[in-house]
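Let's learn to read a β-sheet together. Take a look at the structure below, and then we will go through it step by step.

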Protein chains: 2
Amino acid sequence: MQEEKIERLIEMFRSLPGVGYKTAQRYAYSIIEGSSDRAKNFCEAITDAKNKIGFCKVCGNFTDKEVCPICSKREHKIICVVKEPKDVISMEKVKNYSGVYHVLFGTISPLNNKGPDDIHIRELLARIQKGGVEEVIMATNPDVEGDATAMYIAKILKPLGIKVSRIAQGVAMGSDLEYADEVTLSRALEGRRTI
Amino acid sequence: MQEEKIERLIEMFRSLPGVGYKTAQRYAYSIIEGSSDRAKNFCEAITDAKNKIGFCKVCGNFTDKEVCPICSKREHKIICVVKEPKDVISMEKVKNYSGVYHVLFGTISPLNNKGPDDIHIRELLARIQKGGVEEVIMATNPDVEGDATAMYIAKILKPLGIKVSRIAQGVAMGSDLEYADEVTLSRALEGRRTI
């Protein structure tokens, strides 16, 4: 008995990641109850983002230019390799990192039928073969797939004489040893540093 | 360092109820990574729902016609009064209810500065004064505000000779007495029926 036009809007909201029927319904009602201006702005924002945002031809991150602001302004000696665009935002919170990024758009994941050719490893190699790169920091997630991807890329890059590093794994700042899992603790021990 | 156009889309998603920054970012990336068709459909769905959905001039529920399908097809002897349009959807799951609805768009809530004139009580009275209504079922939520609103409306309608009822409160089907709160149990006892 839901109106067809509302149902259609609910279906669109349901297509967003992690949104179920009830949540989508709340979103749809919020649009209908909101102002016309808001609905118009919403549309414009969607169209604008979809049509004008493309990929940086250097690092692959989202941008509305040919080369993203990070790639065009910074030195390309150090490349930090991440899984997704949102990881760039996270890494950028570290104020003293002044290198550039490379977005893989995924990790090697045999279970999900994702091999090395399905993510942007080829593009990373091409960047490095142009020369000038001294270090590649693997900042994929500290999970099985992230680790495997880091290892795979390290294996390819080492013969090229590039230093490949992996972000440190250990206990997170402000956390409690009591709740740390054994793998994390074991990594924290392995990576211990003299003080 | 987030692109301005992405930031704008994230802000739009954040304006939806219960959406924080990270969730909005996920939604925005899902739009950018998705197909152009999807973005187009999304826009159309928003515009369509916002521009073509109005309020039923009888019950106040959302509809794209002057009078909603429920009001135009059913007998108007029994009116079920609910707080919001989504409650109509919930009540409609009860297959054997054949009356109509009245959407209040809120409940009396002094804490939120909402008095009887801020919700659609006047419209309900006007409907009843036209005659033909035998019973009004108060199906506002079983909370303080829902109860107060039900009481307030009952007090107005009783002098008009209308039967006013309230949906039963008690233990929910499939729930466990152990976890029922004392108010619910007290209501369940009060409302006990001979079997």
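**Reading the sheets**

Q: Which strand pairs with strand 5 of chain B, and in which sense, parallel or antiparallel?
A: In general, the strands of a sheet pair through backbone hydrogen bonds, and the pairing is either parallel or antiparallel. In this predicted model, strand 5 (residues 135–138) of chain B lies alongside strand 6 (residues 163–166) of chain B, in the parallel sense, over 4 bridges. Across this pair, B:Glu135 stands opposite B:Lys163.

Q: What unit do strand 5, helix 7 and strand 6 of chain B make?
A: With helix 7 (residues 144–157) of chain B, the two strands make a β-α-β unit, and that unit is right-handed.

Q: Now chain A: what is the order of the strands in the open sheet?
A: The order is 4-3-5-6, four names for 4 strands, with parallel pairing. Strand 4 (100–103) and strand 6 (163–166) of chain A each have a single partner strand, so one side of each has no neighbour in the sheet. From one strand to the next, the twist averages 25°.

Q: Which residue stands opposite A:Val136?
A: A:Val164, in strand 6 of chain A. Strand 5 (residues 135–138) and strand 6 of chain A pair in the parallel sense over 4 bridges.

Q: Which strands of chain A does helix 5 touch, and which does helix 7 touch?
A: Helix 5 (residues 85–92) of chain A packs on the sheet against strand 3 (78–82) and strand 4, and its direction makes about 155° with that of strand 4. Helix 7 (residues 144–157) of chain A also packs on the sheet, touching strand 3, strand 5 and strand 6; its direction makes about 170° with that of strand 6.

Notes
Residues are numbered from 1 along each chain as its sequence is written. Chains are lettered from A and ligands numbered from 1 in the order in which they are written. This is a predicted model: local features need pLDDT of at least 70, side-chain atom pairs count only at pLDDT 80 or more; totals for chains, interfaces and linings use all residues. Side-chain values use heavy atoms; hydrogens and water are left out. Two strands pair if DSSP finds at least two bridges between them. Axes are lines fitted to C-alpha atoms, for helices over the stretch in contact, and angles run from 0 to 180 degrees between N-to-C directions. Contact means heavy atoms within 4.5 Å. A crossover is right-handed if, with the strands pointing away from the viewer, the path from the first strand over the helix to the second runs clockwise.
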